[in-house]
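Me: Please guide me through this model in a formal manner, and begin with the terms required to read it.

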Amino acid sequence: MKSLQELQAIRDKMKANISTTRDNADAKVRVVVGMATCGIAAGARPVLNAFNEEIAKRGVEGVMVGQTGCIGICQYEPVAEVFEGDTKTTYVKLTPEKVEKIVVEHLIGKTPVTEFTIGAIQK
Amino acid sequence: MFRSHIMVCGGTGCTSSGSKKIIEAFNKEIAAAGINEEVKVIQTGCFGLCALGPIVVVYPEGIFYSMVEEKDVKEIVEEHLVKGRPVTRLIYDETVQGETITSLNDTRFYKKQQRIALRNCGRIDPDNIEEYIAYDGYAALGKALTEMTPDEVIKCVLDSGLRGRGGGGFPTGRKWALGAMNHADQKYVACNADEGDPGAFMDRSILEGDPHAVIEAMAIAGYAIGATKGFVYIRAEYPIAVERLQRAIDQAREYGLLGKNIFGTDFEFDMEIKLGAGAFVCGEETALINSIEGNRGEPKPRPPFPAQKGIFGKPTVLNNVETYANIPQIILNGPEFLNTIGTEKSKGTKVFALGGKINNTGLVEVPMGTTLRTVVEEIGGGIPNGGTFKAAQTGGPSGGCIPASLIDTPIDYDNLVAIGSMMGSGGLIVMDETTCMVDIAKFFLEFTVEESCGKCTPCRVGTKRLLELLDKITSGNGELEDLDKIEKLCNFIKEDSQCGLGQCAPNPVLSTLKYFRDEYVAHVVDKKCPAGVCKDLMQYKIVADKCKGCTACKRACPVGAISGNVKEPHVIDQAKCIKCGACVATCKFGAIIKE
């Protein structure tokens, strides 16, 4: 170890890898991806991974990314729900590209991406 | 990038109940489910709730599975990890409330704890230096070397109010200042990991769960006092701790955190492990130093103190594992980090190993000043089987008993000494009404008699004679004047022994005699053991009215002491009875009683 910067670099790299997964069990904001058979078949796995990667990459803190079973709207899978206190936003027919936008605008910018929500699709 | 981390406890407790097999099973099932690139299994340190081991925590949700068995793993993988449905039947029941799962930090066990020394235990993989670095590891060493002078480091530790966690409670900063003051061509830093109290496992758990914290702290101590070499004296009975610490030292060398020119400065530091054979006396600093030097583990008179003449006659700073585990956080966050927690004279937290008659056997860390009641009733979950709290023993064979009347005493160094016990390294053994206090005093004294190194007479002969007096009492041959003799002998041993072992050995006897004198008197005058523990003072009897003559006890008795015909009351022959209690366990009618 030659300098503090070198230590800092290892710290930042590892922190991004560990912290998103391990330190947000009690986070106020929770993103839950439906991972039942229907969700997985429709591509929920890459969506879940995209949430984790985007959050780690952008250093977003205080967000837990978890999974749940069947949400009950199999035709709209992959589905993810964002919980913030009592509010819930349901995103449907997700792709990794859509996830990037949700992370940037909703989780960082605090403005839900209305066009991807179940409300927008059902109209 | 893994979406889920499975933390499996790899502490000694959970390892002995099979956590290694659980890790293997997880790896196998995860590969079978095809999610091995998404889910990572990590062996971590002690979570503290050893009574419920083996423990598995699944992140990101932080689901706390307890008493997991190998056969449960497949279900956790298929249900929780693949489908996102936690396996409710295996979750720690205090965190399950109907459909929702509450935070672990809200459980009675964790709520009032504050984990500083144990901060990384259960959070990181102790075998991976980069995980330690992720949680600010080695940043304190970096800060000390590049931004602080040795004097500033010492001042920071001094101002934090940190006192030695090994038992004595000497201010750590002052110890370091003494080490820095004495000039020599070579100085040493040493770590006392010779945890010897029966029932204590704080230091072992820290070394198993967060070995780098101790390495970092020792390097900081080396910088502060001008030492380039460190020794960790650890008992060979701690194989997992030794293995992880050695791996951690190797990694620290590989990353240039031990060796020459650390952080590009002139500072160099390296360390090695010295294995002890597990002698209690080697927890005493001068005996420990003798043992490191390759000599017999016997104490030496002080002065000279180790800070003047320690290992190989060179100035040496010796601290306990838990003391070191506090250091990096203090350096990183300033003295206020510690001195805002605790009581006026005892700052910070203390780790206790909870054992005995208590529900949540395990490892807890609480702010100094927390009452014994909080530790026993809330964190510890109370006494099993509806028993009542009788006393708690702190400080192991060197400490004493705290009776139920003092359960609201805030625990800190000075309060414990004032009530005739001591902090010790942190063993806390809870006793209920089925514990005989004379028997407990005898148990600890048997330990010190065995462990006395034999160098000085008061300890070698005195403890032996004291044990004989206790034996006389528990066998029903005691006389009232023996109690005075015991007190006199105790005080003599305390005043005249050379080292801490002998000076503290009478404490368990003195404190039980002080708080439970009536129990001693019952043994001596009434020839009864109120708790029904001392075999010579109790007997089993069959109540004729209740006995149905089923012959179950007769068949269970290993020595044929019970006689009687079918459907007639049976009788125990007291001359043959060995008081094993096998008959009581078999009687369905509650007809056999202990008197």
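Reply: Two strands pair if DSSP finds at least two bridges between them. Helices (H or I, at least four residues) and strands (E, at least two) are DSSP runs, numbered from the N terminus. This is a predicted model, in which local features need pLDDT of at least 70 and side-chain atom pairs count only at pLDDT 80 or more, while totals for chains, interfaces and linings use all residues. Residues are numbered from 1 along each chain as its sequence is written, and chains are lettered from A and ligands numbered from 1 in the order in which they are written.

Me: How many bridges join β1(B) to β2(B)?

Reply: The strands β1(B) and β2(B) run parallel. One position at which they face each other is B:H5, which stands opposite B:K40 of β2(B). The number of bridges that join β1(B) to β2(B) is six.

Me: Which residue is the bridge partner of B:M7 in β3(B)?

Reply: Strand β1(B) also pairs with β3(B), here in the antiparallel sense and over four bridges. Within β3(B), the residue that bridges to B:M7 is B:V57.

Me: How many of the six residues of strand β1 of chain B are buried?

Reply: A residue is called buried if 20 or more other C-beta atoms, placed from the backbone, lie within 10 Å of its own (exposed if 12 or fewer, partly exposed in between). By this criterion, strand β1 (residues 4-9) of chain B is mostly covered. Of its six residues, the number that are buried is five.

Me: Which strands stand at the edges of the open sheet of five strands in chain B?

Reply: The strands of this open sheet follow the order β12-β11-β15-β13-β14 in chain B, and their pairing is mixed. An edge strand has a single partner, so one of its sides is left without a neighbour in the sheet. The strands in this position are β12 (362-367) and β14 (400-403) of chain B.

Me: Which residue of β15(B) does B:Q393 stand opposite?

Reply: Strand β13(B) is joined to strand β15 (residues 427-432) of chain B by five bridges, and the two run antiparallel. Opposite B:Q393, in β15(B), stands B:I429.

Me: Which helix gives the most residues to the largest nonpolar core?

Reply: A nonpolar core is a set of buried Ala, Val, Leu, Ile, Met, Phe, Trp, Tyr and Cys residues joined through C-beta atoms within 7 Å. The largest one has 208 residues, and those that touch the most other members are A:F51, B:V214, B:M218 and B:I220. With eleven residues, the element that gives the most to this core is helix α10 (residues 211-225) of chain B.

Me: Which residues does B:I220 touch, not counting residues up to four places away in sequence?

Reply: Two residues are in contact if their C-beta atoms, placed from the backbone, lie within 7 Å. With residues up to four places away in sequence left out, B:I220 touches B:A140, B:L141, B:A144, B:V153, B:I327 and B:I331.

Me: Which element gives the most residues to the side of chain A that touches chain B?

Reply: Between the chains, 29 residues of chain A are in contact with 29 residues of chain B. On the side of chain A, two or more residues come from each of α1 (4-22), α3 (44-57) and β2. With ten residues, the element that gives the most is α1(A).

Me: Which residues does the cis peptide bond with omega of about -10° join?

Reply: Most peptide bonds are trans. One cis bond, with omega of about -5°, joins B:G53 and B:P54, and B:P54 lies in the loop between β2 (39-44) and β3 (56-59) of chain B. The bond with omega of about -10° leads to a proline in the loop between β2 (63-68) and β3 (80-84) of chain A. The residues that it joins are A:E77 and A:P78.

Me: Is A:K110 buried or exposed?

Reply: A:K110 has a phi near 65°, a positive value in a residue other than glycine. Its place is in the loop between α4 (96-108) and α5 (118-122) of chain A. Because it has 9 other C-beta atoms within 10 Å, A:K110 is exposed.

Me: How many other C-beta atoms lie within 10 Å of B:N385?

Reply: B:N385 is not a glycine, yet its phi is positive, at about 55°. B:N385 is placed in the loop between α15 (372-379) and β13 (389-394) of chain B. B:N385 is exposed, because the number of other C-beta atoms within 10 Å is 8.
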